[in-house]
Amino acid sequence: MNRLTDRRRRGIGADMRSRFRRRLRVTLLGTLWVVASAATCIATAATTAAAAGVAATAPEAPRRVLRIGLPVDADSLDPSETDAQDTMSIAHLLWGTLYKTSSDGRLDPYFAVSAKLSDDGRAYTFKLRPDLKCESGAPLTARDVAYSFDHPADPKYKFTGHASGFVLPALRYTGARVDDPLTITIQFAAYNPIALGLIAEMFIFCRAPYEAMTPEYAASHASATGPYRLVEWRHDDRIVLERNKSYGLPAPSYDGVVFRVIPEASTRTAELLAGNLDIMSGVVADQIDAINHSGTAKVESVASIRRIYVGFNQNPKFAASAGGKAIKDPRVRRALQFAVDVPTLCDALLRTPCARMATMIFPANDKTGIRADPYDPDRAEALLDQAGYKRGADGVRFALTLQTPRGRYPNDVNIALAIAQYLTDVGVKTTVDVLDFASVFVPLVRQHVAGPLFLMGSSGASWSALYDLSDFPAPDGGSNYTDFADPEFFAGWKLIDQTHDPEEQAKVVRAMMNVFHDRGTWLNLYFLPDLYGVSNKISWRPRADELITLD
Amino acid sequence: MALARLLAQRLLQSLVVVLGVTLVSFATLHLGGDPTYLYVGEHASTEEIAATRAKLGFDRPLATQYLGFVRDLLHGDLGNSLTFHEPALGVVLDRFPATLELTFAALGLALALGVPLGVFAALHRGRPLDGGIMVFALIGQSIPSFWLGIMLVLSVGLAWHWLPISGRVPLLDPLLAGDWRTAWNNLPQALPFLVMPSVTIAVFSLARTARLVRSSLLEVLSQDYVRTARAKGLSEARIIVHHALRNAWLPVLTMLGLEFGFLLSGVVVVETVFSWPGVGRLVFNAINHRDIPLVQAAVIVFSLLFVGVNLLVDLLYLRLDPRIRLA
């Protein structure tokens, strides 16, 4: 009886479980149906959003919009504080400058119609265009230009951006004089042969709106004078610009520009290939083929003004080690130039052809006639033998450490490893030390104690050979990271200051570069190839100065 | 009384955890090198660097700097972000809705799918369906979120054009600001952007939830009181939902508290892949730029939230399990 009851109970239990499973199955199927329906709704919404274009999320969808993908967000939209290179591309659309640099490195009048250097070389007088306007529609006058220089120079605000941290100190700016509403004179402490180019890097903005803004407010709000005005800045997401109706100069070709911040390179590439971007910067080497074979976009490359080199640090800190002592000898530094096969490095690791750097001057401005050293390991070995550094029993002449940042420059760690192998092949045993860029590498470099070898990139200019030399302003200069102190080289600066004749200056530059080359100051590598993904729907060419412009 | 003591004990423990977090984050970031170089221009002279160091107090002993930091923290001042030139706490809180939106969506997805899958697997123990669900769970827990994210971008976004690849339309921000209309209007546009990142984050949690629910439920289903309930003739649904699941929830609830923290930390990678403008990306960039005040603000906000959620879980535990109240 008990067994029967037990069996019946089990039977009832099994039946109930079975019914429950059926219900559960129905419930699960129902859930799946709901999820599928929701997915369909979402997909429909997504398609609608895509059809309306990416700018559908912006307050108003401009008619003809250029969409640009950047890896990083803007650092600040205060014209006195902007600094990062990607921000400069945005800033040049928001504000004008007195002169502007063309894509081939020419300085052309922009907000100014003319510039005249004073007889003593310590002032530039600019005549302004009469049709300049602030975003509000008010006329832009010489008073506004003076404010555009005085405001970033004001120590009260402690600005550290490109204008206040580099341009104005390099210019040795002393003040701006308003001669009349359309004439302004920019004054500086001493003659500076690259003054006009430096002035061309100063954004011109209107006094009234910026006097009303706190620096904190100005960092994320803009009052434009350039071809576009700021519509919206969604931090870490997008910056939306639209045509500035008050801009008195010829209207730009696009009604709007949207800069989208997409840090991950593969996502940026996917957005380009999906047709959601027109231009993307920072194409990585392993995606070149994917873009070029997509049929929707192509990769455009340009040798940029950023020089990639290995610094031979001559800081006394390294003199105690055999390697540190060896690289103080110019003959050793010269020898090592022949040990590295730069074109092969570019082909193999950057997947872009590049020529070896002959000097630190951007090729378009390089009139020195110095030719790049070829790859010749036998010559490197012979020169090292002549310098007295013969191979030991273990085949090693001396040992060095090569420090490199990780992820700062394209494929930097692998480039450093390859260089280390080339140097080891000629008997210079080289160990690579990989460092975090911001927290470790930069402090070491800026204290001049990186290395004794360190992989570095340094930005020059497309418009002046002299600008490119400014990494070495003095033996104790802040940006002279290798503590290079050759008196013959630095005597050149005095000679340049003494003449205002560009031809004479070019001769001095040639002499300085000969010293730089003969002393093997840097291990010259290449001008970094910049890679951009460009949609087939537009025609656009990149510039060497890393600015994304719409000219 | 015992409950009040328990609560006080938990709060005290939470405070110790938060202080520990501040100490560790402060020490770690300062051990990375001298932060003075962040505040000076590239061409600053040695004298300018020294003056800036003294002005900012970076020349003081680390312990003194830390005490100053804690004092400011108690006043709600976490300093200004070095990159944003704004109060660091404000910058973090601005991005927080985006991260919370993603975290809640992922948690909701993990629960909505993980719990039924776990129940289903437990009820079909040893059958192919159970095996299938467990294989799915194993795969879900093994796939790196970075890889899954990129695969979704390439397939769902790029190849099939079903969903937008990256970006975000704000949903929680207007909601928190009390602007229901904007939130409602944004909803149709926001959902497509939310799907891929939340699925990427949720897959791991979903798999873990399913496994945990399955094992908890199996354990509970073999208990005497379940047999008794069946013997009393209760329906299977009632037994599962009212008796078995309620007790099986306890370990799941513990895991949920931890899961919330895991999801918050997991968003760093996913926010980067999908260009989601949240705190994860903010912290990633802040670490790269050594924006110390910003990293500290984010770490403190994260730890407060994490500690708060776990405190809440503890309280729910008290509610769900009377044995703890009585212990």
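The following questions and answers concern a predicted model with chains A and B.

Q: How many helices and strands are there in chain B?
A: From the N terminus on, every element in the run of chain B is an α element. The C-alpha trace of this chain spans about 85 × 60 × 40 Å along its principal axes. The count for chain B is 13 helices and zero strands.

Q: What percentage of the residues of chain A count as buried?
A: Chain A contains 18 helices and 18 strands. Of its contacts between residues at least 6 apart in sequence, 69% join residues at least 24 apart. Among the 551 residues of chain A, the share that counts as buried is 46%.

Q: What percentage of the contacts in chain B with a separation of 6 or more is accounted for by residues 24 or more positions apart?
A: Chain B has 327 residues, of which 41% count as buried. Among its contacts with a separation of 6 or more, the part due to residues 24 or more positions apart is 73%.

Q: Is A:L230 buried or exposed?
A: A:L230 belongs to strand β10 (residues 228-234) of chain A. Beyond residues up to four places away in sequence, A:L230 touches A:L77, A:L94, A:A222, A:A224 and A:L241. A residue counts as buried if 20 or more other C-beta atoms lie within 10 Å of its own. Because A:L230 has 20 other C-beta atoms within 10 Å, A:L230 is buried.

Q: How far apart in space are A:L230 and A:I90, C-alpha to C-alpha?
A: In sequence, A:L230 and A:I90 are 140 residues apart. From C-alpha to C-alpha, their separation in space is 9.7 Å.

Q: Which residues is A:S103 in contact with, leaving aside its neighbours within four places in sequence?
A: A:S103 is located in the loop between β3 (99-101) and β4 (107-109) of chain A. With 15 other C-beta atoms within 10 Å, A:S103 is partly exposed. A:P410, 307 residues away in sequence, is 23 Å from A:S103, C-alpha to C-alpha. Once neighbours within four places in sequence are left aside, the contacts of A:S103 are A:R543 and A:D551.

Q: Why are the buried residues of α17(A) on the same side of the helix?
A: Helix α17 (residues 487-498) of chain A has 12 residues and reaches 17 Å from its first C-alpha to its last, close to the 16 Å expected at 1.5 Å a residue. Its buried residues are A:F489, A:G492 and A:I496. They lie on the same side of α17(A) because the arc they cover around the axis is only 30°.

Q: Which exposed residues does the face of α17(A) turned away from its buried side carry?
A: The cover over the buried residues of α17(A) includes α18 (502-518) of chain A. On the face turned away from that buried side, the exposed residues are A:P487, A:K494 and A:Q498.

Q: At roughly what angle do the axes of helix α4 and helix α5 of chain B cross?
A: Two packed helices are described by the distance between their axes and by the angle between them. α4(B) passes α5(B) in a left-handed crossing. The axes of α4 (residues 88-123) and α5 (residues 128-142) of chain B come within 8 Å, and the crossing angle is roughly 140°.

Q: How do the residues of the contact of α4(B) with α5(B) divide into nonpolar, polar and charged?
A: From α4(B), the residues B:L117, B:F120 and B:A121 take part. They meet B:L129, B:D130, B:I133 and B:M134 in α5(B). The division of these contact residues is six nonpolar, no polar and one charged.

Q: What is the omega of the cis peptide bond that joins A:G451 and A:P452?
A: Most peptide bonds are trans. A:P452 is placed in the loop between α15 (437-446) and β17 (453-459) of chain A. The bond joining A:G451 to A:P452 is cis, with an omega of about 25°.

Q: What phi does A:R172 have?
A: A:R172 lies in the loop between α4 (162-171) and β7 (173-180) of chain A. A:R172 is partly exposed, having 15 other C-beta atoms within 10 Å. Most residues other than glycine have a negative phi. For A:R172, which is not glycine, phi is positive and near 55°.

Q: In which loop is A:N411 found?
A: A:N411 is not a glycine, yet has a positive phi of about 55°. With 18 other C-beta atoms within 10 Å, A:N411 is partly exposed. Its place in chain A is the loop between β15 (398-405) and α14 (412-425).

Key
Residues are numbered from 1 along each chain as its sequence is written. Chains are lettered from A and ligands numbered from 1 in the order in which they are written. This is a predicted model: local features need pLDDT of at least 70, side-chain atom pairs count only at pLDDT 80 or more; totals for chains, interfaces and linings use all residues. Helices (H or I, at least four residues) and strands (E, at least two) are DSSP runs, numbered from the N terminus. The expected span of a helix is 1.5 Å times one less than its number of residues. A residue is buried if 20 or more other C-beta atoms lie within 10 Å of its own, exposed if 12 or fewer, and partly exposed in between; C-beta atoms are placed from the backbone. The arc is that of the directions from the helix axis to the C-beta atoms. Two residues are in contact if their C-beta atoms, placed from the backbone, lie within 7 Å. Axes are lines fitted to C-alpha atoms, for helices over the stretch in contact, and angles run from 0 to 180 degrees between N-to-C directions. A crossing is left-handed if the near helix is turned anticlockwise from the far one by less than a right angle, and right-handed if clockwise. Ala, Val, Leu, Ile, Met, Phe, Trp, Tyr, Cys and Pro count as nonpolar, Asp, Glu, Lys and Arg as charged, and the others, Gly among them, as polar.
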